[in-house]
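This briefing concerns one protein chain, presented for a reader in computational chemistry. Please consult the sequence and the coordinates alongside the text.

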Amino acid sequence: MTEDSTDGPAGALRPPRRQGRPVGEELRRLAVAAVVEDGMSAAAAARRFGMAGESVRRWVKRFREQGHVRRGRMGGSISRIEPERERILRILEARPGLSIYGLRDALAAEGLEFHATTVRNFLKRHGLERDRLLARQQRRRRRRAGR
């Protein structure tokens with residue numbers, strides 16, 4: 001068995017991780033501890049734990065700046081509809097039976113243009129989902145009345 005100066009016995013190496021898989025917080029802690037406490041290089045720690053060196057460098061930087069190695073927030077910026085929450089709640093309070101499309105139209109009347117899907121996702125995220133069957137029945141009644 002060959003001895004590697006940074007990794008210990010070659011047989012003790014972990015199998016390489018599949019790319020694109022999230023790394024658990026405990027394994028992150030071990031890799032960061034190897035760098036911060038044991039003085040190992042990020043590249044050596046990455047080889048030892050079977051992960052990318054850039055990931056270990058990023059976690060070490062996060063640990064030094066923020067004191068933890070937890071995953072950061074995934075995704076982009078906050079939705080454009082979120083700052084309008086109070087206005088949406090006010091509209092829904094005044095008109096409780098309003099459908100997603102009705103809410104979208106009411107927001108448009110106030111100068112706020114959103115796609116119906118954006119409105120639906122907002123309502124779902126805040127536990128304010130509309131009853132689709134009720135909304136469909138209301139649309140049908142309006143169409144029949146308009147004939």
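The points below cover overall architecture, helix packing, nonpolar cores and individual residues.

The model described here is predicted. Its secondary structure consists of seven helices and two strands, and along the sequence these follow the order β-β-α-α-α-α-α-α-α. The chain has 147 residues, of which 31% count as buried.

**Overall architecture**

- Among contacts in the chain with a separation of 6 or more, 48% are between residues 24 or more positions apart.
- The two strands precede the seven helices in the sequence pattern β-β-α-α-α-α-α-α-α.

**Packing of α2 against α3**

- Two packed helices are described by the angle between their axes and the distance between the axes.
- For α2 and α3, the axes come within 8 Å and cross at roughly 120°.
- The crossing of α2 with α3 is right-handed.
- On the α2 side the contact is formed by A42, A43, A45 and A46, and on the α3 side by G53, V56 and R57.
- By residue class, the contact of α2 with α3 comprises five nonpolar residues, one polar and one charged.

**Packing of α4 against α5**

- Helix α4 spans residues 85-94, and helix α5 spans residues 100-109.
- Their axes come within 11 Å, with a crossing angle of roughly 120°.
- The two helices, α4 and α5, are therefore oblique to each other, since an angle of roughly 120° falls outside the range of 65 to 115 that counts as roughly perpendicular and is not over 145, the limit for roughly antiparallel.
- The α4 and α5 crossing is right-handed.
- Residues I88, I91 and L92 of α4 meet L103, A106 and L107 of α5.
- The contact of α4 with α5 contains six nonpolar residues, with no polar and no charged ones.

**Nonpolar cores**

- In soluble globular proteins, nonpolar side chains tend to be buried together.
- In this model, the largest nonpolar core has 17 residues, and V35, A45, F49, M51, V56 and W59 have the most contacts inside it.
- Helices α1 (25-36), α2 (42-49) and α3 are the elements that give two or more residues to this core.
- A second, separate core has 15 residues, including I81, I91, V119 and F122.
- I91 of α4 thus appears both in the contact with α5 and in the second core.

**The loop between α3 and α4**

- S79 lies in the loop between α3 and α4.
- The relative accessibility of S79 is 25%, so S79 counts as partly exposed, because this value lies between the limits of 20% and 50%.
- Beyond its neighbours within four places in sequence, S79 is in contact with T118 and R125.
- S79 and F122, 43 residues apart in sequence, have a C-alpha to C-alpha distance of 8.8 Å.
- E84 is also found in the loop between α3 (53-66) and α4 (85-94).
- E84 has a relative accessible area of 19% and is therefore buried, because buried means under 20%.
- Not counting residues up to four places away in sequence, E84 touches L112 and F114.

**Helix α6**

- N121 belongs to helix α6, which covers residues 116-125.
- With 33% relative accessibility, N121 counts as partly exposed.
- N121 and I81 are 40 residues apart along the chain, and their C-alpha atoms are separated by 9.9 Å.

Notes. Residues are numbered from 1 along each chain as its sequence is written. This is a predicted model: local features need pLDDT of at least 70, side-chain atom pairs count only at pLDDT 80 or more; totals for chains, interfaces and linings use all residues. Side-chain values use heavy atoms; hydrogens and water are left out. Helices (H or I, at least four residues) and strands (E, at least two) are DSSP runs, numbered from the N terminus. Buried means under 20% relative accessible area, exposed over 50%, partly exposed in between (1.4 Å probe, protein chains only). Contact means heavy atoms within 4.5 Å. Axes are lines fitted to C-alpha atoms, for helices over the stretch in contact, and angles run from 0 to 180 degrees between N-to-C directions. Angles under 35 degrees count as roughly parallel, over 145 as roughly antiparallel, 65 to 115 as roughly perpendicular and the rest as oblique. A crossing is left-handed if the near helix is turned anticlockwise from the far one by less than a right angle, and right-handed if clockwise. Ala, Val, Leu, Ile, Met, Phe, Trp, Tyr, Cys and Pro count as nonpolar, Asp, Glu, Lys and Arg as charged, and the others, Gly among them, as polar. A nonpolar core is a set of buried Ala, Val, Leu, Ile, Met, Phe, Trp, Tyr and Cys residues joined through side-chain atoms within 4.5 Å.
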